[in-house]
Amino acid sequence: MKFNDNIPIYLQIMEEIQRLIINDTYHCKEKIPTVRELAVSYGVNPNTVQRALSELERKGLLISERTSGRFVTDDEELIRKLKTDVMKDKVNKFIQEIYEYGFKPEELLDELKEILEHGNTSRS
């Protein structure tokens with residue numbers, strides 16, 4: 001994973017783990033890798049990973065079982081809400097950027113419709 005120097009690493013790790021939960025790489029009730037394993041795979045200090053996982057626990061996405069490790073929540077509604085929130089956030093940022101370029105809502109809708117119907121990201 002390549003990290004952005006402008007964003008704290010623990011936040012980027014949190015986002016990555018959330019993405020893995022949303023896209024069902026990590027399933028409900030599934031045990032996730034240990035702090036040490038994640039630290040090695042991300043090439044970061046274990047304390048950084050610990051901070052990210054603690055925040056995800058605080059949000060309810062991970063559950064810590066004292067002797068067994070950390071698991072993805074079994075709260076499917078919480079995961080659905082996270083998925084919806086992430087999508088809305090990404091869409092809102094995209095729309096804001098497009099409008100900053102001066103595109104009109106109709107132009108955006110036409111292009112989105114074209115892309116979604118035909119998978120064509122560029123019109124020639």
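The side chains of Glu16 and Arg19 meet in a salt bridge, with 2.7 Å between N and O, and both residues lie in helix H1, 3 residues apart, which is about one turn of the helix. This is a predicted model, and the count of salt bridges in it comes to 7. The points below take up three of these pairs, including the one just named, and then turn to helix H4 and its surroundings.

**Salt bridge within helix H1**
- Glu16 counts as buried, at 17% relative accessibility, whereas its partner Arg19 is partly exposed, with a relative accessible area of 41%.
- An α-helix has 3.6 residues a turn, so residues three or four places apart point the same way.

**Salt bridge between helix H3 and strand E2**
- Glu57 and Arg70 also meet through their side chains in a salt bridge, at 2.3 Å from N to O, and this pair links distant parts of the chain, with Glu57 in helix H3 (residues 46–58) and Arg70 in strand E2, 13 residues apart.
- Glu57 is partly exposed, with a relative accessible area of 26%, while Arg70, at 13% relative accessibility, counts as buried.

**Salt bridge between helices H4 and H1**
- Lys90 forms a salt bridge with Glu15, in which the closest N and O atoms are 3.6 Å apart; because Lys90 lies in helix H4 and Glu15 in helix H1, the pair ties together parts that are 75 residues apart in sequence.
- Lys90 is partly exposed, with a relative accessible area of 46%, and Glu15 likewise counts as partly exposed, at 48% relative accessibility.

**Helix H4: span and ends**
- Helix H4 (residues 76–100) has 25 residues and reaches 36 Å from its first C-alpha to its last, which is close to the 36 Å expected at 1.5 Å a residue.
- At the N-terminal end of H4, Asp75 acts as a cap, with a side-chain oxygen lying 3.2 Å from the backbone nitrogen of Glu77.
- Just after H4, Gly102 takes a positive phi of about 95 degrees.

**Helix H4: buried and exposed residues**
- Ile79, Leu82 and Ile98 are buried in H4, and the buried residues of this helix pack against helix H1 (9–22), strand E2 (69–72) and helix H5 (105–118).
- Phe94, which is also found in helix H4, is partly exposed, with a relative accessible area of 38%.
- Together with Leu112 and Leu116, Phe94 forms a nonpolar patch on the surface, and the three residues have about 300 Å² of accessible area together.

Key. Residues are numbered from 1 along each chain as its sequence is written. This is a predicted model: local features need pLDDT of at least 70, side-chain atom pairs count only at pLDDT 80 or more; totals for chains, interfaces and linings use all residues. Side-chain values use heavy atoms; hydrogens and water are left out. Helices (H or I, at least four residues) and strands (E, at least two) are DSSP runs, numbered from the N terminus. The expected span of a helix is 1.5 Å times one less than its number of residues. Buried means under 20% relative accessible area, exposed over 50%, partly exposed in between (1.4 Å probe, protein chains only). Contact means heavy atoms within 4.5 Å. A polar contact is a pair of N or O atoms within 3.5 Å; within protein, one must be able to donate a hydrogen and the other to accept it, and residues adjacent in sequence count only if both atoms are side-chain atoms. Patches are made of residues with over 30% relative accessible area and no salt bridge: like charges are joined within 9 Å, nonpolar side chains (Val, Leu, Ile, Met, Phe, Trp, Tyr) within 5 Å. Accessible areas come from the Shrake-Rupley method with a 1.4 Å probe; for residues, only the protein chains shown count as cover. A salt bridge is a side-chain nitrogen of Lys or Arg within 4 Å of a carboxyl oxygen of Asp or Glu.
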